[in-house]
Amino acid sequence: MSFKNALKDKGDGITIDLEVTPGSKKVSFPGGYNQWRQRIEIKLRSAAQKGKANDELIESLADFFTVNTSSVSIRSGARSTKKTIEIDGLDYGKAVRMLGNAFVDIY
């Protein structure tokens, strides 16, 4: 199974299925790939309280993919560790290349 299963091309952007771990010692994206859930893992420093982890998630993804935070939104799972994120204006091929390079660095 490939991390590409967690990405979907929606024409004018992409969606990414994530598994979020709040309260980690450091931010890590991508933190791995859960092949059974077909989700890319992300670790966040912020606790899952009052939307702090969701805010950090949006900022971290915007930084990683070099897009504005306004282009990143939580499509589903705002109160769950399993989230689907929508990133408007991001090309699917570019996202695959960026994540592929990052996964090479982890593994």
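Trainee: What radius of gyration does the protein have, next to that of a compact globule with 107 residues?
Mentor: Happy to start there, with a predicted model in which local features need pLDDT of at least 70, side-chain atom pairs count only at pLDDT 80 or more, and totals for chains, interfaces and linings use all residues. Residues are numbered from 1 along each chain as its sequence is written, and side-chain values use heavy atoms, leaving out hydrogens and water. The radius is taken over C-alpha atoms, and the globule rule is 2.2 Å times the number of residues to the power 0.38. For 107 residues that rule gives a value near 13 Å, which agrees with the protein's own 13 Å.

Trainee: In what pattern do the helices and strands follow along the sequence?
Mentor: Helices (H or I, at least four residues) and strands (E, at least two) are DSSP runs, numbered from the N terminus. The protein has two helices and six strands. Read along the sequence, the pattern is β-β-β-β-α-β-β-α.

Trainee: What share of the contacts with a separation of 6 or more comes from residues 24 or more positions apart?
Mentor: Contact means heavy atoms within 4.5 Å. Among contacts with a separation of 6 or more, the share from residues 24 or more positions apart is 52%.

Trainee: Which residues does the cis peptide bond join?
Mentor: Most peptide bonds are trans. Here omega is about -10° at a cis bond, and one partner, proline 30, lies in strand 3 (residues 28–34). The bond joins phenylalanine 29 and proline 30.

Trainee: Is lysine 50 buried or exposed?
Mentor: Lysine 50 sits in the loop between strand 4 (39–43) and helix 1 (52–65), and has a positive phi of about 55° although it is not a glycine. Buried means under 20% relative accessible area, exposed over 50%, and partly exposed in between (1.4 Å probe, protein chains only). At 83% relative accessibility, lysine 50 is exposed.

Trainee: What phi does threonine 66 have?
Mentor: Most residues other than glycine have a negative phi. Threonine 66 lies in the loop between helix 1 and strand 5 (72–76), and is exposed, with a relative accessible area of 59%. Although it is not a glycine, threonine 66 has a positive phi of about 50°.

Trainee: And what percentage of the 107 residues is buried?
Mentor: The cut-off for buried is the one I gave for lysine 50. Across the 107 residues in the protein, the buried share is 42%.
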